[in-house]
Amino acid sequence: MFVVLFILAGLPNRVQAHPHSFIVMNAKPVVKDDQLTGLSMVWTMDEITSADLLYDAGDAKPDSVVWKKLAAEVMANVLGQHYFSEFWHQGKRVKFVNLPPEYRLYRHGAKAVLTFILPLAKPQPLAGQQYTFVTFDPTYFVDMYYDSPDDLQLPDALKARCRFDLHTPAVNSALKNYALSLDKADAPPADVDLGRQFAQTVTLTCQ
């Protein structure tokens, strides 16, 4: 079964290869009392993915009830998939709070943009620590990626002692061809874990 995500209704009814939709991400640590409490995320959807959302929003003002309702629907689907994200520390998975303290959906030209805070269940220490996180659609129906290392930003308080590293996997040609062979009606077997194999890994290291 395909991942139930807000973008599905916006796709054209033609045969396409995986992925069918694209989301460019931006992430920035949220810090309080020198502890990591979450990530501030910005997800920018491609024009085709955005089309239905922007149509439903019409000429509504950015902070109108219409946009708030659309944002709630989109966020509910994201939460249903645990933010499409995994966060790791010392080989253990860090849990999230299943309710973001803030989120918003808005229009940027021909694209829809979702912003939200991905909250960690417990604040995590920063000094001398290293964290990794990934964000992906397991079916690879949606390609979720950072366009460049500049899409990973540090708050001013961390710039002197922390750094981000972005790793993009070198996917072999056989797997690429398999993904390209899947049309809109196909879902890869769960054991293939297709999206994870294309997923970028982000490492946050602090002194």
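## Strand pairing and the open sheet

In this predicted model, Lys-92 of strand S4 is the bridge partner of His-89. Strand S3, which spans residues 85–89, is joined to S4 by two bridges, and the two strands run antiparallel.

This pair belongs to an open sheet of five strands, arranged in the order S4-S3-S7-S10-S9 with antiparallel pairing. Strand S4 (92–93) and strand S9 (162–167) are the edge strands, each of them pairing on one side only. In general, the strands of a sheet pair through backbone hydrogen bonds, in either a parallel or an antiparallel manner.

## The cavity

How many cavities of 30 Å³ or more does a search of the whole structure find? The search returns one. The volume of the largest cavity is about 50 Å³.

## Residues of the lining

The largest cavity is lined by Thr-135, Phe-136, Asp-137, Tyr-140, Val-142, Asp-143, Met-144, Gly-195, Phe-198 and Ala-199. Two elements, strand S8 (142–145) and helix H4 (194–198), give two or more residues to this lining. Which element supplies the largest share of the lining? Strand S8 does, with three residues.

Sorted by class, the lining of the largest cavity comprises six nonpolar, two polar and two charged residues. The charged residues are Asp-137 and Asp-143, while Thr-135 and Gly-195 count as polar. Among the nonpolar residues of the lining are Phe-136, Tyr-140 and Met-144.

How values were computed. Residues are numbered from 1 along each chain as its sequence is written. This is a predicted model: local features need pLDDT of at least 70, side-chain atom pairs count only at pLDDT 80 or more; totals for chains, interfaces and linings use all residues. Side-chain values use heavy atoms; hydrogens and water are left out. Two strands pair if DSSP finds at least two bridges between them. Helices (H or I, at least four residues) and strands (E, at least two) are DSSP runs, numbered from the N terminus. On a 1 Å grid over the protein atoms alone, a cavity is a set of points where a 1.4 Å probe fits but cannot get out, and a pocket is an open set with protein on both sides within 12 Å along at least five of seven lines; lining residues have an atom within 4 Å of a point. Grid points are joined across faces, edges and corners, and a volume is the space filled by probe spheres set on the points.
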